[in-house]
Amino acid sequence: MIHEKTYNSLEIETKHGVVIVEGPIASEEIANLAFHEDLVAFRTPAQQHKAIIEIAKLPEGRIIIVRDQQNIVGYCTFLYPDPLERWSQGKMENLIELGAIEVIPKFRGTGVGKTLLRVSMMDDAMEDYITITTEYYWHWDLKGTGLNVWEYRKVMEKMMQAGGLEYFATDDPEISSHPANCLMAKIGSRINNESIQQFDQLRFMNRFMY
């Protein structure tokens, strides 16, 4: 599969000034930008900066960023699912995962999270993919936001819906381990029935075990 990537961008006026939401961004450009010290949800900022540079180098990898002048203050990643997760077991070339999305506390509540999703989906090539995201409550900043799991889940759902992702049922044990966890996905307009059936089989791998 050829992974076409077309750059798109939107300017957002926030109470903290104008930021640019743009991508997919090339690895060299990401390396030349500063990575904000408050981007700590997944790794230390230095490690996560390095990680998204590496993702941008992957054939399927896509990085969309929120840029405040020469600083990355938010980002989201798209790449093939982790080989250890069930979503990679079908070896589907046209299934990619929204792996991480993060915005620094200063810019939360300004609409930049939703804009990350909108800019991601502005590329017509995304209609050739099934895009999934797995939401686990243990990744959420409940302490920093003061929200409970259900309030945070609602925020995440609204953000994902801005990119056209919807709730999908699954029997994946990690997702099923807590009722706030969920699978969301967007099935591109050019996805054929065979791929949809493959995706359904991945969603319900345990149905014949009982």
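About 30 Å³ of space lies in the largest cavity of this predicted model, and by the rule applied here the count comes to one cavity of 30 Å³ or more. The walls of that space are formed by Gly23, Pro24, Arg62, Ile64, Phe78, Val119, Ser120, Asp123 and Met126. Sorted by class, the lining of the largest cavity comprises five nonpolar, two polar and two charged residues, and strand 4 and helix 3 each supply at least two residues of it.

Two of the lining residues, Gly23 and Pro24, also deserve attention for their backbone, since the peptide bond from glycine 23 to proline 24 is cis, with omega near -5 degrees. Most peptide bonds, by contrast, are trans. Proline 24 itself is found in the loop between strand 2 and helix 1, the latter spanning 27–32.

Another residue of the cavity lining, Phe78, leads on to the nonpolar interior, where Phe78 is listed with Ile30, Ile72, Ile101, Leu116, Leu117 and Met160 as having the most contacts inside the largest nonpolar core, a set of 46 residues. Strand 2 (17–23), helix 2 (45–57), strand 4 (62–68), strand 5 (71–79), strand 6 (95–103), helix 3 (112–121), helix 5 (149–161) and strand 9 (182–187) each supply at least two residues of this core, and its largest share, six residues, comes from strand 5. For one of the residues named above, the surroundings can be given in detail: leaving aside residues up to four places away in sequence, isoleucine 30 touches Ile25, His49, Ile52, Ile53, Ala56, Ile63 and Ile72. Apart from this core lies another, of 13 residues, among them Met92, Ile132, Ala185 and Ile191.

From the interior one may turn to two residues in loops whose backbone angles stand out. Most residues other than glycine have a negative phi. Glutamine 69, placed in the loop between strand 4 and strand 5, has instead a positive phi, near 60 degrees; because its relative accessibility is 63%, glutamine 69 counts as exposed, the cut-off for that label being over 50%. Lysine 91, which lies in the loop between strand 5 and strand 6, likewise has a positive phi, here near 50 degrees, and its relative accessibility of 72% is the reason why lysine 91 counts as exposed. Strand 5, which gives the largest nonpolar core its largest share of residues, thus has a loop with a positive-phi residue on either side in sequence, with glutamine 69 in the loop between strand 4 and strand 5 and lysine 91 in the loop between strand 5 and strand 6.

Terms used: Residues are numbered from 1 along each chain as its sequence is written. This is a predicted model: local features need pLDDT of at least 70, side-chain atom pairs count only at pLDDT 80 or more; totals for chains, interfaces and linings use all residues. Side-chain values use heavy atoms; hydrogens and water are left out. A nonpolar core is a set of buried Ala, Val, Leu, Ile, Met, Phe, Trp, Tyr and Cys residues joined through side-chain atoms within 4.5 Å. Buried means under 20% relative accessible area, exposed over 50%, partly exposed in between (1.4 Å probe, protein chains only). Helices (H or I, at least four residues) and strands (E, at least two) are DSSP runs, numbered from the N terminus. Contact means heavy atoms within 4.5 Å. On a 1 Å grid over the protein atoms alone, a cavity is a set of points where a 1.4 Å probe fits but cannot get out, and a pocket is an open set with protein on both sides within 12 Å along at least five of seven lines; lining residues have an atom within 4 Å of a point. Grid points are joined across faces, edges and corners, and a volume is the space filled by probe spheres set on the points. Ala, Val, Leu, Ile, Met, Phe, Trp, Tyr, Cys and Pro count as nonpolar, Asp, Glu, Lys and Arg as charged, and the others, Gly among them, as polar.
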